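Here is a short tour of one protein chain, written to be read with the structure open beside it. Feel free to turn the view as you go.

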Amino acid sequence: MVKINLDRFMNSSRIGVGVGLFLGQILPPPIGHKIADCGAKLVACRRSSKLVQGIRLNQWVVRGGNSSGAELNRAVTAVLKSTARALYDFFHFYNNPDQIREMVEFTPVFRELFNERMKYQRGMLFVAPHLGSFDLAGANLSVRGLKFQVLSYPTPTSSYRLQNQMREKLGIHMTPFTVEALQEARKRLQEGGTVLTGLDRPWEESNYRPRFFGRPAALPVAYIQLAMRTGVPVSVVATYRKPNGQYCLDCTDPVTMITTKDRESDIVENAEKVLSFAEKFIRKYPDQWSMFYPIWPDAREEMITKKEQ
């Protein structure tokens with residue numbers, strides 16, 4: 001009997017992405033969403049898996065560190081359902097630009113920022129938490145004509161590389177985080193262009209530990225350094241699913257970087273300022289936060305201790 005590693009199948013398998021794309025293309029939303037929900041429940045039942053354990057720990061922290069075991073079980077299932085539905089929606093509408101436009105609406109604040117971006121008057125760095133359907137949101141921006149570079153994870157798995165190829169076909173310029181990609185991003189920003197990157201995937205090699213939800217976290221700060229070097233503002237953008245199944249793209253006002261003679265302190269302070277805005281979006285929609293990697297591994301023992309009390 002062949003044993004399937006569902007964590008690996010979901011996170012690093014090209015087959016998983018291929019199956020998801022195939023089903024997403026042929027299944028109508030009512031059926032596709034039901035299958036997505038069933039798959040999410042199946043994965044959520046594997047409570048000892050690294051994927052589920054990562055979600056549980058992250059959800060325990062963002063929910064205040066007081067959730068019971070039953071509450072965390074429900075939170076994990078909700079997160080996996082949201083992620084599965086978001087993937088289905090992206091795969092289902094992938095080849096339909098008109099539907100991609102209709103599936104994502106802009107808040108007035110983001111609409112104003114988007115219109116400004118289309119004029120290329122100054123560089124802008126977008127940073128985003130893994131919330132809602134960030135893929136569908138990125139596709140929406142691309143089909144609406146916004147040209148931007150994405151600084152993506154530097155060592156992508158096979159499935160992630162396939163997803164990047166799909167994003168490229170939608171007109172999104174994907175560049176894994178390298179020295180060359182950073183140089184390209186710097187030039188783009190200086191010329192008035194737009195660069196987008198994530199801010200909440202842990203990066204153990206980081207030399208900085210900005211506080212995120214009140215706890216030190218090994219999160220990337222390269223985007224902060226890039227913004228400081230180019231003098232461009234940073235805006236946190238987030239997408240979330242509405243009750244009617246559509247998605248909404250929102251953002252913060254542009255955040256100007258602090259620059260003093262203490263560069264190391266400035267990096268941490270700027271990162272914490274930006275992360276504080278991301279916290280507000282995540283707190284509002286914790287069930288839609290698709291972060292599977294444990295951001296605060298040191299909090300695991302505290303979580304277990306409180307659950308046993």
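## Charges over rings

In this predicted model, the charged end of Arg-201 sits over the ring of Tyr-153, 3.6 Å from the ring centre. A second case involves Arg-144, whose charged end sits over the ring of Phe-106 at 4.8 Å from its centre.

## Aromatic pairs and a cluster

Phe-106 also takes part in ring packing. How many aromatic pairs does the structure hold? The count is 12. One of them joins Phe-90 and Phe-91 in a tilted arrangement, with 5.9 Å centre to centre and 45 degrees between the planes. Both partners are out of reach of the probe for the most part: Phe-90 has 2% relative accessibility and counts as buried, and Phe-91 counts as buried at 5%.

Another pair, Phe-106 with Phe-110, is edge-to-face, at 4.9 Å centre to centre and 70 degrees between the planes. Phe-106 is buried with a relative accessible area of 11%, and Phe-110 is buried with 1%. These two rings belong to one aromatic cluster together with Phe-114 and Phe-126. If you have Phe-106 on screen, you can therefore look for both the cluster around it and the charged end of Arg-144 over its ring.

## Helix α3 and its two sides

Helix α3 covers residues 29-44. Its 16 residues should span 22 Å at 1.5 Å a residue, and the end C-alpha atoms are 22 Å apart, so expectation and model agree.

Which residues of α3 are buried? They are Gly-32, His-33, Ala-36, Asp-37, Ala-40, Val-43 and Ala-44. Because they cover an arc of only 135 degrees around the axis, they lie on the same side of α3. An α-helix has 3.6 residues a turn, so residues three or four places apart point the same way. On the other side of α3, the exposed residues are Pro-30, Lys-34, Cys-38 and Leu-42.

## Cysteines without partners

Cys-38 leads on to the cysteines. The structure holds zero disulfides. For Cys-38, the nearest cysteine sulfur is that of Cys-45, 11 Å away, and Cys-38 is in no disulfide. Since a disulfide here needs two cysteine sulfur atoms within 2.5 Å, that distance of 11 Å rules the pair out. Cys-38 counts as exposed, at 53% relative accessibility.

Cys-251 is likewise in no disulfide; its nearest cysteine sulfur belongs to Cys-248 and is 10 Å away. Is Cys-251 buried or exposed? With a relative accessible area of 7%, Cys-251 is buried.

## Two buried helix residues and their contacts

Leu-57 lies in helix α4, which runs over residues 50-62. Its relative accessible area is 0%, so Leu-57 is buried. Beyond its neighbours within four places in sequence, Leu-57 is in contact with Pro-294, Trp-296, Pro-297, Ala-299, Arg-300 and Met-303. Pro-294 shows how far along the chain these contacts reach: Leu-57 and Pro-294 are 237 residues apart in sequence, yet 6.5 Å apart in space, C-alpha to C-alpha.

Ser-82 is placed in helix α5, residues 69-93. Ser-82 counts as buried at 5% relative accessibility. Leaving aside its neighbours within four places in sequence, Ser-82 is in contact with Arg-241, Asp-287 and Gln-288.

## Helix α12 and what it packs against

Helix α12 has 22 residues, 263-284. At 1.5 Å a residue they should span 32 Å, and the end C-alpha atoms are 32 Å apart, so the two agree. Its buried residues are Asp-266, Ile-267, Asn-270, Ala-271, Val-274, Leu-275, Ala-278, Glu-279, Phe-281 and Ile-282. What do the buried residues of α12 pack against? Their partners are α4, β2 (124-128), β6, α11 (222-230), β8 (234-241) and β9 (247-251).

## A positive phi at Phe-213

One of those partners, β6, borders the last stop. Phe-213 lies in the loop between β6 (211-212) and β7 (215-216). Most residues other than glycine have a negative phi. Phe-213 has a positive phi of about 55 degrees although it is not a glycine. Phe-213 is also buried, with a relative accessible area of 10%.

Methods:
Residues numbered from 1 in each chain as written. Predicted model: local features only at pLDDT ≥ 70, side-chain atom pairs only at ≥ 80, totals over all residues. Heavy atoms only, no water. Helix = DSSP H or I, 4+ residues; strand = E, 2+ residues; numbered from the N terminus. Buried < 20%, exposed > 50% of the residue type's maximum accessible area, 1.4 Å probe, protein only. Contact = heavy atoms within 4.5 Å. Expected span 1.5 Å × (residues − 1). Arc of directions from axis to C-beta. Phe/Tyr/Trp six-rings, centres within 6.5 Å; stacked < 30°, edge-to-face > 60°. Lys NZ or Arg CZ within 6 Å of the ring centre and 35° of its normal.
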